Amino acid sequence: MHSNADAKLANPLRDIPYETLMNDVEVFAEERGLSHLLPELKKGALVAQDTDAYNKHDIFTDEDRKFLEDEINHKWRQTGTLYYTVILSSLAAAVQGMDEAVINGAQLFYPNQFGMDTSTSRGSWLLGLINSAPYLCCATLSCWLTHPLNQWLGRKKTIFITCLISFLTCIWSAVTNTWWHLFISRFFLGFGIGPKSATVPVYAAECAPAAIRGALVMMWQMWTAFGIGFGDLIDLVFYFIPDSGGIKGLNWRLMLASAGIPGLIVCLQVLWAPESPRWLIGKGRYEDAFNELCRLRFSPVQAARDLYYIHILLEAENELKMGRNRVVEMFTIPRNRNAAIASWIVMFGQQFCGLNVISYYSSNIFVQSGFSDTSALAATAGFGALNWLFALPAVFTIDTFGRRNLLLFTFPCMAACLLITGFSFWDTFREGRIAGVAIGIYLFAISYSPGEGPVPFTYSAEVFPLYIRDIGMSFATATTWFWNFVLSITWPSLLLAFKPQGAFGWYAAWCMILWFLILLFVRETKGKTLEELDQVFSVPARVHVLYGLRQVPYGVKKFILFQNPAPEELYQAEEESEEGRTAVMLETT
């Protein structure tokens, strides 16, 4: 069996005798000034150790039992404060999507106003530079500010500041009059996008109970897709606004400014939201953390359980971090390196599958295929709507079919859809060309949304050991934003040099390359505990590559020849009777 450095983090309270646990709680309460909460803390510690403890001990009241049972049987029955937090997180994600989308419609107008001839090499590179400016900032600067901002200010204030930056820079970009001024304003927009993209999912996860935590993390991508679709709709609405009051280009200026309004709403909303209990505990503010947990949970017992359990986990994490160079260990320890490679592949794939080419340039693509400007914006809004609607089932499919299976199924579909889109430009019949491009792009959105849409952020948030998770997520986030920048800046010149057929064919080829990379290097994480994930990623890379290659003939027999071959199980759950827990073992047969 491979070593398991994170075993104690699966549940550090496991196997602690009753008397020892009660004594530990008394010491904890006295040291943290929580003696007045001792009865609730004792009950909370018992439930943290064993979720069924309320049926085994007489200290629990009937009311305690009711709340704890409802938490299991009615997991979506939560407090108003928690749902307020969910709404805040969803709206912050929509802000992210709108920030990304409104440039799609604006680029139909501002290049001409700023004297940018996009049919030339210089003009196409300038268009790409302006559109990609926020992601250049994210990859080089703002993503790396996430950790210090969260350490110094907390989750709430970081969300407030980043949404305020989004609001101000959107207004700023709307009043620019040169290409370089627009580039600078959009570059500073990246300071609102980068840290927010890493903070909001963490904030939602830290406020949510474990039963719905995964679904709330998923909502980040789902509501970002909603923001993209809503931004596309805003572009269509403002297209018809004429210039007035001596303002030239009022329509595209309103498009860019409108993306800041939801950010201002989040700024106001976050003032009444709870702070992350985990962040407060990390700062030693246990009383404040308990009060916030009481707002987020129905009963003091639930709040006390989460308070004590978070405290114990943080103590275990700090012990693991002590005297270790976590950046170096992310590359030198095979288990960590395997997780990093898999995370970077899916994050890179989220960009080089070609999705954001369509998200940022679909209006130009539709116009080039023969649509009018208004029809192109309407078609773009349809793409945004499909991107969001087909992200909804992913809340269920990601834990049903698994992350890796979804990616392996959807990447060939995306490649085919990109080829349909690109090859449709060879059709000399206008109506046929328009139909082919629209069908290809819409089917691409349907294929992308349940797979490569939600998987990368969900996957990256779970694959790293807890003691390097913040560093791992920073690298993963910077990876996706860097390649987002590369994709955004190069597409106009790529289109100019290779025409739509070659440009879409380029990303179709990458979809197939990524399919092989996922097959060989990305491991399945569905339904795995912390201990089990440690074992999954401890499997040597060579072993997993050979396993992936053996899956190719299996897939051919099952899905093409319709045979029923016996599946090979790389990971076999084996009950350890001596320790009473499950470990994932490498199958030796």
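**Reading helix α15 and its neighbours**

Biologist: How many Å should the 22 residues of helix α15 span, and how far apart are its end C-alpha atoms?

Modeller: The expected span is 1.5 Å times one less than the number of residues. For α15 (residues 300-321) that gives 32 Å; the end C-alpha atoms lie 31 Å apart, which agrees. Helices here are DSSP runs of H or I, at least four residues, numbered from the N terminus. This is a predicted model: local features need pLDDT of at least 70, side-chain atom pairs pLDDT 80 or more, while totals for chains, interfaces and linings use all residues. Numbering starts from 1 along each chain as its sequence is written, and side-chain values use heavy atoms, without hydrogens and water.

Biologist: How many residues of α15 are buried?

Modeller: Buried means under 20% relative accessible area, with a 1.4 Å probe and protein chains only. In α15, 16 of the 22 residues qualify, so the helix is largely enclosed by the rest of the structure.

Biologist: At what angle do α3 and α15 pack?

Modeller: Axes are lines fitted to C-alpha atoms over the stretch in contact, and angles run from 0 to 180 degrees between N-to-C directions. Helix α3 (residues 38-49) packs on α15 at about 65 degrees, with the axes 7 Å apart. Roughly perpendicular covers 65 to 115 degrees, and the pair is therefore roughly perpendicular.

Biologist: Which residues of α3 and α15 meet?

Modeller: Contact means heavy atoms within 4.5 Å. Among them, α3 offers Leu41, Ala45 and Ala48, and α15 offers Ala304, Leu307 and Tyr308.

Definitions and conventions
Helices (H or I, at least four residues) and strands (E, at least two) are DSSP runs, numbered from the N terminus. Buried means under 20% relative accessible area, exposed over 50%, partly exposed in between (1.4 Å probe, protein chains only). Angles under 35 degrees count as roughly parallel, over 145 as roughly antiparallel, 65 to 115 as roughly perpendicular and the rest as oblique.
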